[in-house]
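Here is a short note to read alongside the model. Please keep the sequence and the 3D view open while going through the points.

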Amino acid sequence: MKIPDSAALKASSAPLKKKPLYKSLFFQILIAVVAGVLIGHFWPNLGSTLRPLGDGFIQLIKMIIAPLIFLVIVTGISAVGDVKAVGRVGVKALLYFTCATLFALVFGLIVGNIVQPGAGLNIDPSTLSQEAVDAKTGHAVPKDAATFLLDVIPTSVIGAFANNSLLQVLFFSVFFGAAIVVIGRQRCLPVISLMETVLELIFKIMSWIMKVAPIGAFGAMAFIIGQYGLGTLGTYALLIASCYGAAVVFIGLLFLVAWGFARVPLWHFLKYTREEFLLALGTASTEAVMPRIMTKLTNAGCSRATTGLVVPTGYSFNLDGAAIYLSISLLFLAQAFGHHLDLGQQLAALGVLLLTSKGMAGVPGSSFLALSATAAALGIFPVAGVALLLGADRLMDSMRVVVNLLGNCVATFVVAKWEGQFDRSVMVRAFNGEITNEDSAIMLGQEEVFEEQELERLSEGHHPSPKFRGGPTSDEIPQFEMSKPGQPTTPVCPD
């Protein structure tokens, strides 16, 4: 994308027309979610058959996640030009994740002890069957810490991309980006230029995929309501109320953390990312919005390197919503079988949950596996008792998705601020509706808006916006030019 020179400024002085409401992605997804709920409630059989719409949209997103993470991390690290800084970001992110998850687990235990959602149920263990849990988890077994850490190292780089193993892709990306820094950016300019060009193509594909997001949200919501129904709410009313109430309070604490550490007004951030959060709610998946949320964070002043490292890692290591659900559900099951856990048992359960919650990302029925592992390790209640949660688990998705996603966004702001890779003035511009870098404009499908805003900035004497946050401007990156048949294609490097 090229910004016209100052001679075109006067010709572009007319204000942009406000986009009609029906063209707003937020409005389209909202209508789709409401329509999905209605279809699922009044025509449940039809709603249950619409699952392929939601699954198809999520598969479209997964199609580009692995190359997107690789390119974002490598180009971000090469722009930072400091391997030690990348290491510091990783260490600080893991430290924050561990503290946040531990707090979420403790907070969930406190809520479970106060509310006691399973008290008085008096479930007979002889009426339970392990088959329902096995069907939900696909007979998978929980991983121990050593196995989980070893699985982060890919046995094949191609296999990591083919299997969409995000932690393995991230692991290789850090090595690749660090190698560029060590060899030297100048020598690797052709490679960096090629990656930037491919990344622009990925951004453009993502902008096209997002046009069908309302269809995906409609299908996913219709299936959830059609399959599980709204009546399940009454059966698990106290458990659901406990989890959602704890989530609201935890989100309030995230507001304080975001403002206290990075001076980020989280309410304005939620307004700024409302399309992404609504889509995550509609599809019950944070993966569906990973590319867009990373773009919004870089547009809001976080460097590409920090965002590229923190967000994908957080999807496996910083599941705050899942942690709250696990600890409350553990006490719910113990209380349902008439067991009162003393402080020592709860601390032991806390330690097991802290480990199992880290290794369950991406595993089918991950919450059931984590709870089954805890039950087996401590003998608090029969492992088959986890089946009691089958009816409520899907209804908790909305809570888990919102808290997980918001927790990772706050983590990105905190780590970026901690590492000095966060520009608050850029955040203010983004919250006011500006596109602050070229790559974000491409991903969000706002190239024309960006050009208009950039022309206005240049006319006011501001410096050109960067290619991406924490990176160079477009003019400082070599561009590949198409050659005529028979002529070699060579990168054009800056003087």
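The points below deal with annotated segments, then internal cavities, then one pair of helices.

1. The model is predicted. Please bear this in mind when reading the values that follow.

2. The unreviewed UniProt entry carries the annotation "transmembrane region" for residues 21–43, 63–81, 93–115, 165–184, 205–230, 236–262, 322–341 and 368–390. These ranges come from the record, and the next point sets two of them beside the model.

3. Residues 165–184 form one of the annotated ranges. Over this stretch the chain is 90% helix and 0% strand, and its end C-alpha atoms lie 29 Å apart. Residues 322–341 are also annotated. There the chain is 75% helix, again with 0% strand, and the distance between the end C-alpha atoms is 21 Å.

4. Rolling a probe the size of a water molecule over the atoms shows where empty space is left. How many cavities of 30 Å³ or more are there? The count comes to two.

5. The largest cavity holds about 130 Å³ of space. It is lined by 15 residues, and those closest to its centre are Val72, Phe203, Met294, Thr295 and Thr298. By class, the lining has seven nonpolar, five polar and three charged residues.

6. Which helix gives the most to the lining of the largest cavity? Helix 15 does, with four residues. Helix 15 spans 290–299. At least two lining residues each also come from helix 3 (51–80), helix 16 (304–317) and helix 23 (438–443).

7. The second largest cavity has a volume of about 30 Å³. Its lining consists of Val80, Ala85, Val86, Val89, Ala305, Thr306, Leu309 and Gln421. Two or more of the lining residues come from helix 4 (83–115), and two or more from helix 16. Six residues of this lining are nonpolar and two are polar, with no charged residue. Helix 16 thus deserves a look in both places: it supplies at least two residues to the lining of the largest cavity and two or more to that of the second largest.

8. The last point concerns the packing of helix 1 (residues 25–42) and helix 14 (residues 274–283). Their axes are 9 Å apart and meet at an angle of about 20 degrees. Why is helix 1 called roughly parallel to helix 14? Because angles under 35 degrees count as roughly parallel, the angle of about 20 degrees places helix 1 in that class with respect to helix 14. The crossing of helix 1 and helix 14 is left-handed.

Definitions and conventions: Residues numbered from 1 in each chain as written. Predicted model: local features only at pLDDT ≥ 70, side-chain atom pairs only at ≥ 80, totals over all residues. Heavy atoms only, no water. UniProt positions renumbered as here; feature names shortened; annotations may be inferred. 1 Å grid on protein atoms, 1.4 Å probe; cavity = no way out; pocket = protein on both sides within 12 Å on 5 of 7 lines; lining within 4 Å. Points joined across faces, edges and corners; volume = space filled by probe spheres on them. Nonpolar A, V, L, I, M, F, W, Y, C, P; charged D, E, K, R; others polar. Axes fitted to C-alpha atoms, helices over the stretch in contact; angles between N-to-C directions. Parallel < 35°, antiparallel > 145°, perpendicular 65-115°, else oblique. Left-handed = near helix turned anticlockwise from the far one by under 90°.
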